Amino acid sequence: MNASHSDVRILQGQTLSFRADPFVVGPDAAIDYNSDGAVAIRAGKILEVGPRRAVTGRFPGAEVEAYPGDLIMAGFVDCHVHYPQIDIIASYGEQLLEWLEKYTFPAEAKFADPAHAADAANRYLDECARNGITTASVYCTVHPGSVDALFTAAQARGFAMAAGKVMMDRNAPADLSDTAQAGYDESKALIERWHGKDRLNYVVSPRFAVTSTQAQLEAAGALWKEHPDTLMQTHVSENVYAIEHAKSLHPYAKSYLDIYDKKGLLGPGANFGHAIHLLPEEIARLCESKSGISHCPTSNLFIGSGLFDMRGLRDCDQPVAVGLATDVGGGSSFSMFETMKTSYEISQLLHYNLHPAKAFYLATVGSAAVMRLDHRLGNLRAGYDADLIVMDLASTPLIAQRMRAADSIFDALFVQMILADDRAIRATYVAGRKAYARG
Ligand SMILES: [Zn+2]
């Protein structure tokens, strides 16, 4: 008897996957592209990706959703974002240290209220779904309840989210400060409550060296060592004044990165935000320790931090793992198209051309690799989690017109990363279920 595949769903459209790193093998060898393709999914997993006839023929009786002309690819992965800052996006004026004082801290203080946190978490996940972001590495606030709120909302929707309570024990308002011991204890309790539950991962999250004492960074390092399958995130070399401030507070360190190194905070699964003004020895140490970087282009321009050196960090002999990130609310957009566009423009200023295959790779596989999740999500591959997006390649009249002249998948991708916004996301699937459909 012929097996029916009524539990299988097939999405038909153009398909794009990565088979290798385009920074290493070049764009052509890096991608698998089907102009008439299909993706079969079942029980939250991708069963198969390939030419439409082959995939459809393999699963008779499957439910088919046709997206003719659209591009199906992995959902975007945002490897650095502050969900409590959703309401201060687009705030005028300041650079990093003043930005924190004037906008960030007052916004984060409101997360002492669990109802406020739950509301913000749900609005944040709505923005993710609308923008095709299916996984993120999220900073919460100092309040453990802010982590509970995000994980509760993410769990209900099936998102694979990583998040952690911010640890801060100096240079922050009293109502946003913990202590080395409280930061450790609260983070440990959150690990026990959430890490590894469904699709959730905990991230040990000392905010940065300016707001943590030596004792707190030591406690963070100890906690991560005790729970080595959790992740670690912090900020490094974002702003030139912050570098001097951090070094003055941690005089035992040779450099900004060395502050974290001395506390055991480097290694696979360590995710350093920004990394703009690095010394050569810091870059070498990031590479050697297999630590990762989240590149936050809209934030770096919006709060005037500096220009990320993509060639020197990624397109070189000793590359560092790099992912692409919105860094909302210092970042000015939830759109990964806008984020890729800004990364391209920053690279242009440094006389480096960021190829669209590389930009899309960083926004999916690259970010997943920084979060040590690239073995199971961030790519359209059999066996991977079915987190994917359907992209309308002609979402505005201008894009539709420009696409008539697009003569390759790379040109089509480039047009999208320069011109598209959330209107290009026709649908977002999270663990095989439709989490968003454009109205
Ligand atoms: Zn940040």
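1. A word on angles before we start: helix axes here are lines fitted to C-alpha atoms over the stretch in contact, and the angle between two of them runs from 0 to 180 degrees between N-to-C directions. With that in hand, look at helix 7 (residues 180-194) and helix 8 (residues 214-226) in this predicted model: their axes lie 8 Å apart and the helices pack at an angle of about 25°. Angles under 35 degrees count as roughly parallel, so helix 7 is roughly parallel to helix 8. The crossing of helix 7 past helix 8 is right-handed.

2. If you would like to find that contact on screen, pick out Ala 180, Gly 183, Tyr 184, Ser 187 and Lys 188 on helix 7, and Ala 215, Gln 216, Ala 219 and Leu 223 on helix 8. By type, the residues of this contact are 5 nonpolar, 3 polar and 1 charged. The spacing on each side may look familiar, and there is a general reason for it: an α-helix has 3.6 residues a turn, so residues three or four places apart point the same way.

3. Now step back to the whole protein. Its secondary structure amounts to 17 helices and 16 strands. The C-alpha trace spans about 65 × 45 × 40 Å along the principal axes. For 439 residues, a compact globule would have a radius of gyration near 22 Å, and the 21 Å of this protein agrees with that.

4. Two further totals help with the overall picture. Of the 439 residues, 58% are buried. Among contacts with a separation of 6 or more, 74% are between residues 24 or more positions apart.

5. A second helix pair deserves a look: helix 5 (residues 114-130) and helix 6 (residues 144-157). How do they cross, and at roughly what angle? Their axes come within 8 Å and cross at roughly 40°, and helix 5 and helix 6 are therefore oblique to each other. Helix 5 goes past helix 6 in a right-handed crossing.

6. On the helix 5 side, the residues that meet helix 6 are Pro 114, Ala 117, Ala 118, Ala 121, Asn 122 and Leu 125; their partners in helix 6 are Gly 145, Ser 146, Ala 149, Leu 150, Ala 153, Ala 154 and Arg 157. This contact divides into 9 nonpolar, 3 polar and 1 charged residues.

7. Staying with helix 6, have a look at Val 147, which lies in that helix. Is Val 147 buried or exposed? It takes 20 or more other C-beta atoms within 10 Å to count as buried, and Val 147 has 30 such neighbours, so it is buried. Leaving aside neighbours within four places in sequence, Val 147 is in contact with Cys 140, Ala 163, Gly 164, Lys 165 and Leu 190. Leu 190 is 43 residues from Val 147 along the chain, yet their C-alpha atoms are separated by 7.8 Å.

8. Towards the other end of the numbering, helix 17 (residues 409-419) has Ala 412, Leu 413, Phe 414, Gln 416 and Met 417 as its buried residues. Their cover includes helix 14 (336-349), helix 15 (356-370), strand 14 (388-391) and helix 16 (397-403). Ala 412 of helix 17 is buried because 22 other C-beta atoms lie within 10 Å. Beyond four places in sequence, Ala 412 has contacts with Leu 393, Met 403 and Ala 406.

9. Phe 302 sits in helix 12 (residues 297-302). With 21 C-beta neighbours inside 10 Å, Phe 302 counts as buried. Not counting residues up to four places away in sequence, Phe 302 touches Gly 330, Gly 331 and Ser 332.

10. Lastly, some backbone geometry to check. Most residues other than glycine have a negative phi, and most peptide bonds are trans. The bond from Val 328 to Gly 329 is cis, with omega near 5°, and Gly 329 is in the loop between strand 13 (321-324) and helix 14. Lys 290, in the loop between helix 11 (280-289) and strand 12 (292-295), has a positive phi near 60°. His 351, in the loop between helix 14 and helix 15, has a positive phi of about 60°. Lys 290 is partly exposed, with 14 other C-beta atoms within 10 Å, whereas His 351 counts as exposed, with 7 C-beta neighbours inside 10 Å.

Notes
Residues numbered from 1 in each chain as written. Predicted model: local features only at pLDDT ≥ 70, side-chain atom pairs only at ≥ 80, totals over all residues. Helix = DSSP H or I, 4+ residues; strand = E, 2+ residues; numbered from the N terminus. Parallel < 35°, antiparallel > 145°, perpendicular 65-115°, else oblique. Left-handed = near helix turned anticlockwise from the far one by under 90°. Contact = placed C-beta atoms within 7 Å. Nonpolar A, V, L, I, M, F, W, Y, C, P; charged D, E, K, R; others polar. Rg over C-alpha atoms; globule rule 2.2 N^0.38 Å. Buried ≥ 20, exposed ≤ 12 C-beta atoms within 10 Å, placed from the backbone.
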